[in-house]
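Trainee: Got a minute to go through this one with me? I'd like to start with the strands and then look at the rings.

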Amino acid sequence: MRFLVVATALAALPLGAQWTNRYPRNVGFGHQVYLEGYELPVLAAGVGDAAPSPDGRSVAFASRGWIWLLNPVTGVAQRVTNGAGVDSRPSWSPDGRQLVFVRDDSRTLAVVVRDLAAGTERELDRGMAMDPVFTRDGAAVVYTNLDAGGDLDLRRVELSGGARTRLTTEPGLELRPQLFASGDRMVYLSKTRAGGDQVRLRTDGKDMALLTGSIVSQARPALSPDGTLLAYNWPGSFGWELRLMSIERPGPSVLLHARPRGRPLTPAWSADGAWIYFSEADARQQLHLYRVARGGGTPQEVPVRSWNYGAPIGRVRIETGSAARLHVRDGAGHPLIPTEGMTRFEGQNGLAYFYSSGSIELEVPAGQVEVMAVRGLATAPAQARVMVRAGEVTPVVISLPRLWDAQQAGWYSGDHHFHLNYGGQFDLAPEDLSLPMQGEDLDVGTPMLANLHNRYENQDQWNWSSLGSRPMVGFAQEVRSHFLGHVGLIGTRELFWPWTWGPGYESYGRDDRTNAEPLAAGRAQGGLGIYVHPVSGQTDPFSERGMAVIPIALIPDAVFGNFDLLELVCLWSNSVGTTELWYRLLNAGLDIMPSGGTDAMTDLHRTMALGTTRVYVRPQGAMTWASYLAALKAGRSFVTTGPMLDLTVNGAHPGDVIAPAAEVEVSLGVHSTMPVDSIAIVVNGRTVATEAAPAAPFSRTFTRKVRVPRNGWIAARAVGPAVDRWPAMANMTFAHTAPIWIGTRLSTDPELRRAAAGDLLRALANAESRLDAGYAGTPIPNLKAQFAAARSRLESLQKN
């Protein structure tokens, strides 16, 4: 098929491709990814969100998306809820006759109260409603929900009449209310953009901070029944800890439980105040219930010995032949998950998912079961629906043929920006990456160690690697001079210090240090430097408003060739806007090649799948860690959120150089499971030929002769609509190849070089004004010298 010849700029395309939110958006806190990842309920196997009953005879808890009651003496767990929603965070009424809990429908959270004897339910509120607790007299429920201004505030709803009272009004998040018997005091968790995270004691409307920290992601305070002690989980030096502190004399605390890399979650007191219950996962990501005496000692496991669903049970065996990503649900739409291994929820399509090595068996209520499976971006979703009979094992066999075999064509995929552990509900080992990467057909991964504000965790994993086998995994580092822009160091042997600096950090906050320093340190070790998630928002990065989102130090570093890669596709940034910036850099003759990474946090329940934004690399010779990185640096690559692009120009691939000619032969293979609106050939940042795409899924090769200038570069691009289906999870369908050079590598068209230099100069001036404002009152001769030199260089390019 042949291209239609046109001449347009990328700016005509919608400036999308940045994931924003699935649930109602919080404004005051400012970081929706953290809100949904850290604060929203979790769907997991085992025992979570434990709530001992007032009479001490049972423990309510959440498991597999339902509420259960556990008899701690017999070990029998009885299922209480059985609907389509994912239920969690139960809390008892004082008389033990009702439970209030959170119900998640994948777009909103509701607070629901259930009469245990009658089995009836009543929804009290909806939106981002969570963390409900009965008042001590049982007349009302206190919980959190979004207010009209976009903040999560605590509020009270009367069970009789439904009158609502707003209890807090501060910007940010107020969570986990814990009420005193007197009714005039309350402990709660506060998280704000400016003030960090605090556990606060409120007395007669006045607050006192009991604990203060930064990104204490899983912290959940629990007030003792007599109101004298606070049990809480908090990050320690080698993992999270469970601690005890006096309410009346806050300060020093008692360590109740800790283990290396531990994650004690959701502490809760027994009604008599003798025990503190908590959940903690094992190495298979299954949550176990424990209790520890208030006076300390060895925690005791409170096991579940049998599960009573209150309905007939069968099993479903799912065979996919190779590793796969699975979504399984019952006839009502409730997600069904395995008894071990981590389950995740992706916010783009609203689906819970987990991985199978090729064969997996689930225990499920008898009845209809639906299965959807994919393997990476090159397989279309395969679905099956079966009836599971009680007491029987029902097989499901699913075939997942690739639309395009990348490896056979010489391409290998990588995700070069994600975090193995980032404050999530589970502490993962590097070996836990193997199955998800296989299930996503991902060949290379470089998980980045990154700070959680003032914590630098998981440094013990730095030297772990699996570079001699596939999938290849080698740790990278994300250096965060927040103010100047985040940079990644890939393929290095030693961590760079200081890890963080600049305005916004307490330590090294006024350092006159450039990003060129860590980038040079990485390059000296043979590594690659990358600017990650460079352009956010939905505006043209060269508009007045858009220039304010370009990282402050990116243009000076680009001008002097301090980094090698630009993250063109990332779940949390704007691919189209970033590509506009990249075009200017290429047209200015700067050697910066594309890369891709999800910036997923794999230890969070609510996170996207690895490799759903990725780069494909075509090494020369055998595929090794060294040949892969060399090809990535050379631009023998394309990036994608879905479509696969196999471009040749006169037989040359991305990263190659072709001889100047008035006309060239372009061949573009496009293979996409996702809808594509337009396929384009791009010369020096301008679209010169387009082709309408067939209906997805499709695999098609387009050919055409295209007239080209004597200097510059040629690439291919595919753009599609908002993503609404698997296998993709980015907000927009997008793919782009690295350039094929005309004449010589880094050749440029003189007119476009001058125009690009002018645009970069405007953006540099914007960045320098932000630099001056951020460092106001602090001499920064090093940073200012870098900007002055970059300006001089761009002015020279603009004149020549």
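**Strands and rings**

Mentor: Sure. This is a predicted model, and one part of it is an open sheet of four strands, ordered β22-β23-β24-β25 with antiparallel pairing.

Trainee: Which are the edge strands there?

Mentor: β22 (265-269) and β25 (300-301), since each pairs on one side only.

Trainee: And how many bridges join β24 to β25?

Mentor: Two bridges, with β24 covering residues 287-293 and the strands running antiparallel. Arginine 291 has glutamine 300 in β25 as its bridge partner.

Trainee: What does arginine 291 lie over?

Mentor: The face of tryptophan 275, with 3.7 Å to the ring centre. There's another arginine to look at: arginine 513 has its charged end over the ring of tryptophan 501, 5.7 Å from the centre.

Trainee: OK, switching to β14. Is it mostly covered or mostly exposed?

Mentor: Mostly covered: β14 spans residues 173-179, and seven of its seven residues are buried.

Trainee: What does β14 form with β15?

Mentor: A hairpin, with five residues between the two strands. In the turn, glycine 183 has a positive phi of about 85 degrees. The strands run antiparallel, and five bridges join β14 to β15 (residues 185-192). One example is leucine 175, whose bridge partner in β15 is leucine 189.

Trainee: Now the rings. How many aromatic pairs does the count come to?

Mentor: The count is 25 aromatic pairs, taking ring centres within 6.5 Å as the rule. One of them is phenylalanine 61 with tryptophan 68, which is stacked at 6.5 Å centre to centre with 10 degrees between the planes.

Trainee: Are those two buried or exposed?

Mentor: Phenylalanine 61 and tryptophan 68 are both buried. They also belong to a cluster linked by ring pairs, along with Trp66, Trp307 and Tyr309.

Trainee: What about tyrosine 456 and tryptophan 499?

Mentor: Tyrosine 456 and tryptophan 499 are a stacked pair too, 5.3 Å centre to centre and 25 degrees between the planes.

Trainee: Which parts does that pair tie together?

Mentor: Tyrosine 456 is in the loop between β36 (444-449) and β37 (472-473), while tryptophan 499 is in the loop between β39 (485-490) and α3 (516-524), so the pair ties together parts 43 residues apart in sequence.

Trainee: Why does tyrosine 456 count as partly exposed?

Mentor: Because its relative accessibility is 25%, and the partly exposed class runs between 20% and 50%. Tryptophan 499 has a relative accessible area of 1%, so that ring is buried.

Methods: Residues are numbered from 1 along each chain as its sequence is written. This is a predicted model: local features need pLDDT of at least 70, side-chain atom pairs count only at pLDDT 80 or more; totals for chains, interfaces and linings use all residues. Side-chain values use heavy atoms; hydrogens and water are left out. Rings of Phe, Tyr and Trp (its six-membered ring) pair if their centres lie within 6.5 Å; planes under 30 degrees apart count as stacked, over 60 as edge-to-face and the rest as tilted. Buried means under 20% relative accessible area, exposed over 50%, partly exposed in between (1.4 Å probe, protein chains only). A charge sits over a ring if NZ of Lys or CZ of Arg is within 6 Å of the ring centre and within 35 degrees of the ring normal. Two strands pair if DSSP finds at least two bridges between them.
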